[in-house]
Amino acid sequence: MSASPSGPPPADGPLSAALRNLRELAHGLSHPSHPPTPLFAGSPRRWLRLLPYAVVLALASVFIPVTIQVLSGDYGVPGALAGALAVGQAAPLLMLAHRPLQAWWIIFTADIVGALVQLEEGVRPGLVWPWTPPSVIGYLFVLLALGLRESRRTVIGVWLATGAAGLLLHLVAPAHGEGGELLLFVLGGVVLVIGAAVRERGEAQRRLAEQETISEAERAQRTLLEERTRIARELHDVVAHHMSVITVQADSAPYRIAGLSEEARAEFASIAAGARESLAEMRRLLSVLRSDGSRGELAPQPGLGRVQQLVEATVRAGLPAELSLAADVVEAVERGGVPQAVDLSAYRIVQEALANVVRHAPGARTQVSVTAREGRLTVLVVNGRAREPGSPLEASGTGHGLVGMRERVRLTGGTLDTGPLPDGGFRVAARLPLPPPQPPASVTPEEP
């Protein structure tokens, strides 16, 4: 007994594919592809949100009386019946703003009924049949609304239904047809293509705007992470220096201080071991932060003691800058009263602020001021309007500078204030906390 060979299931035949496509077309014709919201519903302009309502109201106001006049006057339809047909063919135009597919079903049915009524009443020679001129124009507006709102499958189904209805009516009374059914079929296809093209272009622009928004958010997040990584690298150098000092002092204490007990020696050894372990952990963390292959700087980290050199270099680059460094700040830096994190952050803030002036306001007069008052170090960089002719070096920045300033100020627990000035300049003000001054150590006089 031989087993039947296994293989992939047979592909659908042409008949199955045709039935499946017909089911999809029927589903598209019976299910709108959008919620019942009008065009421009999300526009911030009120007149644009009201525009669809005004358009459909104007269409219904024009086509209802015109259709009644044409049906009763030209096609000889009785007045009451002409009014009913006109309402069925033109009143649903009011639905185009919200439900164009449902409006199409009503108008499509009313147009077919109207063609049969005209055939029953007797079509006069020279008149367009099966569609009257007002019904053709109104129908084109319906198709335009469908092309702007519905999916491609629904649009194709509407177009094929329109052509099939015209063909069937022509077969019912071929003697009365003078190409009216073909005219609506061709014009309807053109209108549907135009509406669909406009809709797809609008959707492409909307997706592009959404993608740009996402890209901008990702760019801002990447900028933030890069700046935090840079600050973490510099913070490592600051903390590592202090930890190294602690290790050396703890290791050398038993040799510098005579008469230490075994408990004190063990305590100093524990402190040194903890400091070395912390340094090892920091080095492992730094190796992760520098996994991109970048190498650390070998030079010491700069501080307020090098702000004067920074300003002088900026002046040599063509930017008229002046520095005001308070004497108490210089004294605090010399005696080590400014924490290294605050010292480094203040220098970087001045550096970035001057770089922004060079990029965005070349030639602008700039004032740099560093003062210490009420337990806070205040760094102020103010520039005027660009005085050199021509466009700035950069029309739009990447945002790295301000992000870095905010992160550094947040690291030290300070505050940052930035913004444009009324005269066209810009202001950067950072306030960084300083430790309270240490009271001078009291010296015990030696006994004679």
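The following exchange concerns a predicted model of a protein chain.

Colleague: What is the mean pLDDT of the protein chain, and where is the pLDDT below 50 with zero contacts beyond near neighbours in sequence?
Modeller: The mean pLDDT of the protein chain is 81, and 84% of its residues reach 70 or more. A value below 50 is found over residues 393–398, yet that stretch has seven contacts in the model beyond near neighbours in sequence. The stretch that has zero such contacts, also with pLDDT below 50, is residues 1–11.

Colleague: How many helices and strands are there in the protein chain, and what percentage of the residues is buried?
Modeller: The protein chain holds twelve helices and five strands. Under 20% relative accessible area is the criterion for a buried residue. Of the 448 residues in the protein chain, the buried share is 35%.

Colleague: Among contacts between residues at least 6 apart in sequence, what percentage joins residues at least 24 apart?
Modeller: A contact requires heavy atoms within 4.5 Å. Among the contacts in the protein chain that link residues at least 6 apart in sequence, the share joining residues at least 24 apart is 72%.

Colleague: What distance does helix 4 reach from its first C-alpha to its last?
Modeller: Helix 4 covers residues 100–121, which is 22 residues. At 1.5 Å a residue, a span of 32 Å is expected. The model comes close to that expectation, with a reach of 31 Å.

Colleague: Is helix 4 roughly parallel or roughly antiparallel to helix 6?
Modeller: Helix 6 comprises residues 152–172, and its axis lies 11 Å from that of helix 4. The two helices pack at an angle of about 5°. Angles under 35 degrees count as roughly parallel. Helix 4 is therefore, with respect to helix 6, roughly parallel.

Colleague: How many residues of the contact of helix 4 with helix 6 are charged?
Modeller: On the helix 4 side, the participants include Leu 101, Trp 104, Phe 108 and Ile 112. They meet residues of helix 6, among them Val 158, Ala 161, Thr 162 and Leu 169. The contact divides into twelve nonpolar residues and two polar ones, and the number of charged residues is none.

Colleague: Is Gln 89 buried or exposed, and which residues does it touch beyond four places away in sequence?
Modeller: Gln 89 lies in helix 3, residues 79–90. Its relative accessible area is 8%, and the limit for a buried residue is under 20%, so Gln 89 is buried. Beyond four places away in sequence, Gln 89 touches Thr 67, Ile 107, Ala 110, Asp 111, Gly 114 and Ser 135.

Colleague: Why does Ala 264 count as partly exposed?
Modeller: Ala 264 is found in helix 8, residues 262–289. The partly exposed class lies between 20% and 50% relative accessible area. Ala 264 belongs to that class because its relative accessibility is 22%.

Colleague: Which peptide bond is cis, with omega near 15°?
Modeller: Most peptide bonds are trans. Pro 130, in the loop between helix 4 and helix 5 (133–149), is one partner in this bond. The cis bond runs from Trp 129 to Pro 130.

Colleague: Which residue has a positive phi of about 55° although it is not a glycine?
Modeller: Most residues other than glycine have a negative phi. The residue in question occupies the loop between strand 2 (366–373) and strand 3 (376–383). It is exposed, with a relative accessible area of 77%. The residue with this positive phi is Glu 374.

How values were computed. Residues are numbered from 1 along each chain as its sequence is written. This is a predicted model: local features need pLDDT of at least 70, side-chain atom pairs count only at pLDDT 80 or more; totals for chains, interfaces and linings use all residues. Side-chain values use heavy atoms; hydrogens and water are left out. Helices (H or I, at least four residues) and strands (E, at least two) are DSSP runs, numbered from the N terminus. The expected span of a helix is 1.5 Å times one less than its number of residues. pLDDT is the predictor's confidence in each residue, from 0 to 100. Axes are lines fitted to C-alpha atoms, for helices over the stretch in contact, and angles run from 0 to 180 degrees between N-to-C directions. Angles under 35 degrees count as roughly parallel, over 145 as roughly antiparallel, 65 to 115 as roughly perpendicular and the rest as oblique. Ala, Val, Leu, Ile, Met, Phe, Trp, Tyr, Cys and Pro count as nonpolar, Asp, Glu, Lys and Arg as charged, and the others, Gly among them, as polar. Buried means under 20% relative accessible area, exposed over 50%, partly exposed in between (1.4 Å probe, protein chains only).
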